[in-house]
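Me: Could you take me through this structure with care, one question at a time?

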Amino acid sequence: MGHIDDSTWNSPWPTVTALHAWLTEQSPVPPEQQTLLRMLKLSEEVGEVAEAVIGATGQNPRKGVSHSWQDVQSELCDVIVTAMVALTTLTPDAARVFDAHLKGVAARSLGSD
């Protein structure tokens, strides 16, 4: 496995933390409901990926080709951001939790250097 150069990585976590704070501040529901709704938001976003794939492949005869593969990319990014915000909702140490998990997945899947 090749070495990953951490010095070129621009962490998204400060932005995710700011988005989390903004969503929390804007939410009209109590914190317990915010947590549940952020987890459910993931399903909504994954559904939008499915809709975009169906649209990009023209699989709905009524709509034809209604999306592009760039739309699919955008929806996948929304899933990632939503998952990062959801993780931040569960733990203030989301960056460390994710980093440790990703390293574990890489070690299992790619082996170690």
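What follows is a set of questions and replies on how the helices and some side chains meet.

This is a predicted model, in which local features need pLDDT of at least 70 and side-chain atom pairs count only at pLDDT 80 or more, while totals for chains, interfaces and linings use all residues. Residues are numbered from 1 along each chain as its sequence is written, and side-chain values use heavy atoms, with hydrogens and water left out.

Me: How are helix 1 and helix 3 oriented to each other?
Reply: Helices here are DSSP runs (H or I, at least four residues) numbered from the N terminus, and axes are lines fitted to C-alpha atoms over the stretch in contact, with angles from 0 to 180 degrees between N-to-C directions. The axes of helix 1 (residues 13-26) and helix 3 (residues 69-90) come within 9 Å and cross at roughly 70 degrees. Angles under 35 degrees count as roughly parallel, over 145 as roughly antiparallel, 65 to 115 as roughly perpendicular and the rest as oblique. Helix 1 is therefore, with respect to helix 3, roughly perpendicular.

Me: How are helix 2 and helix 3 oriented to each other?
Reply: The axes of helix 2 (residues 31-57) and helix 3 also come within 9 Å, but they cross at roughly 170 degrees. Helix 2 and helix 3 are therefore roughly antiparallel.

Me: Which aromatic pair does the structure hold?
Reply: Rings of Phe, Tyr and Trp (its six-membered ring) pair if their centres lie within 6.5 Å, and planes under 30 degrees apart count as stacked, over 60 as edge-to-face and the rest as tilted. The structure holds one such pair, which is tilted, with 6.1 Å from centre to centre and 55 degrees between the planes. Its partners lie in helix 1 and helix 4 (residues 94-110), so the pair ties together parts that are 85 residues apart in sequence. The two residues are Trp 13 and Phe 98.

Me: Is Trp 13 buried or exposed?
Reply: Buried means under 20% relative accessible area, exposed over 50% and partly exposed in between (1.4 Å probe, protein chains only). With a relative accessible area of 11%, Trp 13 is buried.

Me: Which residues make up the largest nonpolar core?
Reply: A nonpolar core is a set of buried Ala, Val, Leu, Ile, Met, Phe, Trp, Tyr and Cys residues joined through side-chain atoms within 4.5 Å. The largest one has five residues, and helix 1 and helix 3 each supply at least two residues of this core. Its members are Trp 13, Val 16, Met 84, Val 85 and Ala 94.
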